[in-house]
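Work through the exercises below with the structure open beside you. Try each task before reading its solution.

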Amino acid sequence: MSSALLSVTNLSKSYDGAGGPVPVLRGIDFDLAAGRTLALTGESGSGKSTLLHVVGGLDTPDAGSVLIDGTDIAALDDSGRARLRRETVAVVFQQFNLIPSLDVARNIAFQARLAGRHDPDWAARLATRLGLDDHLAKYPEQLSGGQQQRVAIGRTLAARPRLVLADEPTGNLDEETGVAVLDLMLDLVAETGAALMCVTHSPALAARMERRLHLKGGRIA
Amino acid sequence: MTRAALRALLSHWMRAPFQLVTLMAGLAIATALWSGVQAINAEARKSYDRAATGIGASADSVLTAEGGVPHAVWIALRRAGWPVTPILEGQVDTAAGPLRLVGVDPFTLPAGELPAMAEDGTGDGAAPALAFITPPGQLLVAPATAATLAGADLPPMVEAPGMPPGTAYADIGIAQSLLGRDDVGRLLVLGPPPLGAAPIADIAPGLSQARPEAQADLGRLTDSFHLNLTAFGLLSFAVGLFIVRGAIGLAFEQRRQMFRTLRALGLSRARLLALLTAELMILSLAAGTLGVALGWLMASLLIPDVAATLRGLYGADVAGGLTLAPSWWLSGLAIAVLGTGVAAAASLWRTATMPLLAPAQPRAWARASEGALRLQGAAALACLAVAGIAWGAFDGLVAGFVLLGGLLIAAALALPVLLHVVLAGLARTAIGPRSEWFWADTRQQLPGLSLALMALLLALATNIGVGTMVSSFRLTFTGWLDQRLAAELYVRADSDAQAARIRSFVAPRTDAILPIRSVEADLAGIGGEIVGVADHPTYFDRWPLVAAGPDVWRRVGAGAAVLVNEQFARRTGTWPGGTVDLAGWQAPVAGVYSDYGNPRPQVMIGLDRFAAMFPEAPDSQFGLRLDPGGVAALRRAILDRFDLPADRVTDQASVKQLSLSVFDRTFTVTSALNVLTLAVSGLAILTSLLTIATMRRPQLAPVWALGLTRRRLARLEVLRALLLALLTFVAAIPVGLALAWILLAVINVEAFGWRLPMHLFPTDWLRLLALSALAAALAAAIPARRLARTPPADLLKVFAHER
């Protein structure tokens, strides 16, 4: 457990509902070593995305701990969690990933620059690998859904995060494009040595990961 | 079908109540500002009319005699059939201060000259009450005066709301007894005599006959002030319409899909448009009613300041408050409906031309492409060109207003283009990803905020422009008072002989006696006045000249040249170097002087030359220069010694002080309107920011997810609003100054024939900058605070459909 990049212990989370708190996560325990991949599957409402958001420092747990490289993010304040998102963890969302006011080149470089790790050569190589060389001056609204997701992946990996979180990264794409985007993401994650945790509904996508966790009713089934 | 469609359309407002509030508030405030200003103007003009038609103003002429017209002369003239009525004026000292007492004869005074009493039918044309004319009599006084004089040893007081303050009207017999006089003061000749009546000179040889004094000069000055108010009201209304335009545009945009669906389900284009028009009509009538009520409230709050002005300048009492005419209500509602129509025209047109089978995806609201910006820039240039053509090719007030309107519209249209260019330049200076994102994001927000920023520009430019004009006006007015009220005391005697005796009496106690002589004359075909001016430093040290040739005052004093007023110069094109025909003398024009408030042409010539040319001109008025400390004593001495009515010896220093204080109080109305207009533009920014705040999440959530805290993002939102307000303010300075110049140099000249000099007041700009920054910060603070407190879960909804 001590060698794990990510260690989640007894994690609980609930949201306010009309009739009182609605538990979403109930005592989750798992860990993930550096350089490994993990699929989170489950039905809608099982708590997959909430778990990903808490691990990514986007939301806070009610109880339990989330250690990333030994730091308990549950103990971090808003600024601490923001620093974590800038420097350690990166998230690829299903949609609305990009900053609409910046062009593709600036979107790719943005997080790396925030983290103070911008490497123009690496960003350029990523753009080439992702097939975005002809689109660097375009704005997100001028790209297709697949192209936008590739830009989001490029932005995530350009910052060389220790942990990549992906929330249905191909959920909005057609099958062919989805497979291509996933292949690229897996290759590049492996190249950077990052760990990947991917939330998905797709058994095919889950099958591509080294480990799979299935959530049901907020618990690991 | 219609009912179902209407229900569907209205359901939007149920789901977007804030949008509805924005629309209603914008329209109500716009209507309130417009109708409030109209109410103030109408009330003020009504008071001017009342002041102009006070006792004696409608008389054909006034008969005076040294020591007052004897009672017997009045009786003799009445018996001869002359329609004359007496006015006996004097001052009664009471414990509460002096009371101006005016004795009148209610039987011979024309109907309507006496203000209506609050309690009975005396005055206003009704038969006088017995108590008014029989001892101890009654005093007609304003309610405020009655309160001040309560307990004084005077006849019973009857309140009459139309009375000027500090004045009491009484029956002439009662007045004679209170003042200890047996004459009837002066006689007003109310009309022509019956056929065969003997001439006045035969019945009463010792009387002087003169025209009643005109009171229009300051009224003309205030015309300019009211023009200001009207322009202010119109601009405020336009600023308010920006809010309405924004709200309607958004509501239509968000319902595009609904419109298409309704059309697809069988609702005709015409019926859809009719329903939308009806919906807007209902909303505008509701908001208009609210706005007119708010306008009445605003006018009620501001009218005391205007009333103070009127009281000081005219002695007219408007403290009774506002009278609401049905036409005022209707015009307020009409302007609300009209304004809504203007604001909704583009949206209605887009709906009317919307193709049924086009993609139903709503376009980004108010997103301006580069092409749209270019188009907007071209429209701004076109407006500027129209303004330039109107100014260059046409004369007249309408051309002036086209110039003014063209400039303001052009400036408003050009603002987003200008900001786009400036922000692009600033983006090039960005260091680091945050500032790079900040500039890029600010540019992206520009289309959504441009309407509000245009409103802010108009508000700021109006503030600067009207503020500059009003402050310049004040400086000018001060100068005008200085030139016109140069002497410490002004005396108007009953006759030349009495004037000579008064001059002998005061000579040892004064530094200088400045005769004031004038005659009516035909000047270039227009009725005007020739004035004789003494060769004295009082004039040539103070009299400001608009244009002057060499050695002006020496030539005028020597009778070799004349001065003309600006109105005459502009009307006839006669400037220094030209000549003017004065009873056959081709008088060289040596200079042109400003003569604000005087609608008539005037020529000033040296006093000696005047006496030679017009030996018959009356010589009964003069000014006295003396140490200001001796003014009150000398005034009292003249009044006592020569038994003159109080208004014949005027202490002009106190009049000047009063006039200036009244003027300053008048400016508080302008200041209030300044603040209100700015508040409206602040509201426009707030509503725009709140409107786009909901659309901001997809733009801000990724930046938050990448490591910027919500608090930091909120601070950047406020900073952005401040920056845009600052840039808009910088743009507003030249526009405001251009507006001031147009008001001073074009509109005033066209409307009144004189030009006000323009002065700059940078300190006022700094105050305005602080106010606009405050307005922008306050407007941005609400959505920013909301953003800072947005739960992460809400931001995360941007990225995924499920939890």
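**Exercise 1.** In this predicted model, locate B:Asp551 between its neighbouring elements and decide whether B:Asp551 counts as buried or exposed.

Solution. Step 1: B:Asp551 sits in the loop that runs from strand E13 (545-548) to helix H17 (552-557) of chain B. Step 2: its phi is positive, about 60 degrees, although the residue is not a glycine. Most residues other than glycine have a negative phi. Step 3: count the C-beta neighbours inside 10 Å; B:Asp551 has 12. A residue with 12 or fewer is exposed, so B:Asp551 counts as exposed.

**Exercise 2.** Do the same for A:Glu168: find its loop and decide whether A:Glu168 is buried or exposed.

Solution. Step 1: the loop lies between strand E7 (163-167) and helix H6 (175-192) of chain A. Step 2: A:Glu168 is not a glycine, yet its phi is positive, about 45 degrees. Step 3: A:Glu168 has 25 C-beta neighbours inside 10 Å. The cut-off for a buried residue is 20 or more, so A:Glu168 counts as buried.

**Exercise 3.** Which residues does the cis peptide bond in chain B join, and in which loop is B:Pro136?

Solution. Step 1: the bond joins B:Pro135 and B:Pro136, with omega about 5 degrees. Step 2: B:Pro136 belongs to the loop between helix H4 (130-133) and strand E4 (139-141) of chain B.

**Exercise 4.** Compare the span of helix H23 (residues 762-788) of chain B with the expected one, then find its kink.

Solution. Step 1: H23(B) has 27 residues, and 39 Å is expected at 1.5 Å a residue. Step 2: from first C-alpha to last, H23(B) reaches 37 Å, which is close to that value. Step 3: the kink, about 35 degrees, is at B:Ala781, shortly before the proline B:Pro783. Step 4: B:Pro783 is one of the buried residues of H23(B), which also include B:Trp765, B:Leu768 and B:Leu787.

**Exercise 5.** How many residues of chain B are in contact with chain A, and which helix gives the most?

Solution. Step 1: 26 residues of chain B contact 33 residues of chain A. Step 2: H14(B) gives the most to this side of chain B, seven residues. Step 3: by class, the side of chain B that touches chain A has 16 nonpolar, five polar and five charged residues.

**Exercise 6.** Which residues touch the most other members of the largest nonpolar core?

Solution. Step 1: the core has 198 residues, and B:Leu457 and B:Leu458 touch the most other members. Step 2: its largest share, 24 residues, comes from H14(B).

Definitions and conventions:
Residues numbered from 1 in each chain as written. Chains lettered and ligands numbered in written order. Predicted model: local features only at pLDDT ≥ 70, side-chain atom pairs only at ≥ 80, totals over all residues. Contact = placed C-beta atoms within 7 Å. Helix = DSSP H or I, 4+ residues; strand = E, 2+ residues; numbered from the N terminus. Nonpolar A, V, L, I, M, F, W, Y, C, P; charged D, E, K, R; others polar. Core = buried A, V, L, I, M, F, W, Y, C linked by C-beta atoms within 7 Å. Expected span 1.5 Å × (residues − 1). Bend = angle between axes of the 7 residues up to and from the residue.
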